[in-house]
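Grab a coffee and open the viewer. Here are a few short exercises, each with a worked solution.

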Amino acid sequence: FFFGQMAIGNFAHDARERVLLVETPKSSFPHVAIGAILGFSACVGTIFLWGGASSGSSMLYQTATINRPQVSTSALHRGQLVSKFPAPTFPSTVTKNGGSAPMQATTTAASPWGETHFSLTRSMGVCLIVGFAAIGAALSSLLTSLGRSRCQSSVPPMVMMATTGVEDDVKTDPDEIDTELFEKFSSSSSEKIVSMEKDYSKWYQQVIACADLIDVSPVRGCMVLKPNGFAIWEEMKADLDKRFKATGHRNAYFPLFIPQSFLSKEAEHVEGFAKECAVVTHHRLRSVTDENGNKGVEPDPAAKLEESLIVRPTSETIIWNMYGRWIQSYRDLPVLINQWANVVRWEMRTRPFLRSAEFLWQEGHTAHATSDEAIAESRRMLDVYVDHCKEVLAIPVIKGEKSENERFAGADMTLTIEAMMQNGWALQSGTSHFLGQNFAKAFDVKYQDDEGAQQYVWATSWGVSTRLIGALI
């Protein structure tokens, strides 16, 4: 079982990637079979040891009180024991508590075969276990190496489910942007692109480099969208914008900087984004000269902000602060607003288009008088994303609802579209959230209904990003 589990484990991807394995590679089944055979063999060795110990112990117990002559080991090995060993003798009485009592003799003649059988069987069992364990460990180690190598060569950089937070101990990510590759492969390069079957990750990056879509940024985790790459985003943006406006939404723009206190008002929201936030603490720099006479700049201690500002990871807090000013009556509802913007989520592990510290997206934020209205809105916008992916990008997607642990921070329900990549992995391609009254209560956004009573507003938010370009590739 242990070796079998090791063989199966060859194809388990790193849990930190938070990806969904939907198909076990066919090549894993021979490995599993070999592991199962090795495990069974080890079990056989165990049975030999256990059985030998049990039977040998029983025989030794029977012969414990027999007066028998000493037999040399050489005689045992020569097979002369049975012919030379005389019949055993039994004492006629045994001494007990200072007295004597007659002893009933048994008719079964015992011999040191019990001890010998125990010793030989034990040795055989130990040898079998050690032998099978050594072979199993060696082959399992080999299978593990082969399995991991094959698994890594088939895993693309795009197989990411949406996550929040940053790994604490990340060092080097083999799927990060390869600077040398982007310098080597250009739109004019004649070098052949590796096949996706051979190296999916490298194939993905080579396609991006050869298509001249992005370039490496001097800022870690960020990418430069070159004209070819930005043109794809413009086409997506134009189609989506038409669809949004056809459903009654209007575009607006909100500040890039959000007061730190705003994020603290919605507990789950701040918990979900706390590790990803970039923080602005000063509003001015000053010139300095170091000991060697080199000039530079540093934050001016006199220019420290009274309240730190968060560089927008998402806009729920700043938008709902404004909705509190705009919404007074049921006549002000619904509010249907979309924003085209950039956001910053400080990622340590980045992949072209799919995960970067800064990316472009759209985020819709709506306010409604009832929960039914808001839920219907979140479902309607998810369908808009489905139509865009199928009709424009030619990507079929699967609609579904996220589990409680995977929900957007601060949402009561998160709906998602998942696109199946060519290697059998799922990519989260767009989300639509029913926020309930969480943000309305956090920012005290109420409206007066038609009966004059004050009610909290119901909310949604939804968005897609340049990740769709990675999905398209």
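**Exercise 1.** Work out which residues of S11 lie on each of its covered faces.

*Solution.* Start with one side: Val335, Ile337, Gln339, Ala341 and Val343 are all buried there (buried means under 20% relative accessible area with a 1.4 Å probe, protein chains only). Now flip to the other side, where Leu336, Asn338, Trp340, Asn342 and Val344 are buried too. That fits the tally for the strand, residues 335-344: 10 of 10 are buried. Strands here are DSSP E runs of at least two residues, numbered from the N terminus.

A word on the model: it is predicted, so local features need pLDDT of at least 70 and side-chain atom pairs 80 or more, while totals for chains, interfaces and linings use all residues. Numbering runs from 1 along each chain as its sequence is written, and side-chain values use heavy atoms, leaving out hydrogens and water.

**Exercise 2.** Find the strands that pair with S11.

*Solution.* Pairing takes at least two DSSP bridges between two strands. S5 (residues 250-251) runs parallel to S11, with two bridges; Asn251 stands opposite Asn338. S12 is antiparallel to S11, over 10 bridges, and there Gln339 has Glu363 as its bridge partner.

**Exercise 3.** Is Gln362 buried or exposed, and which side chains make polar contacts with its side chain?

*Solution.* First place Gln362: it sits in S12 (residues 358-368). Next, its relative accessible area is 0%, so Gln362 is buried. Finally, its side chain makes polar contacts (N or O atoms within 3.5 Å, one able to donate a hydrogen and the other to accept it; residues adjacent in sequence count only if both atoms are side-chain atoms) with the side chains of Asn338 at 2.7 Å and Tyr385 at 2.4 Å.

Key
Helix = DSSP H or I, 4+ residues; strand = E, 2+ residues; numbered from the N terminus. Buried < 20%, exposed > 50% of the residue type's maximum accessible area, 1.4 Å probe, protein only.
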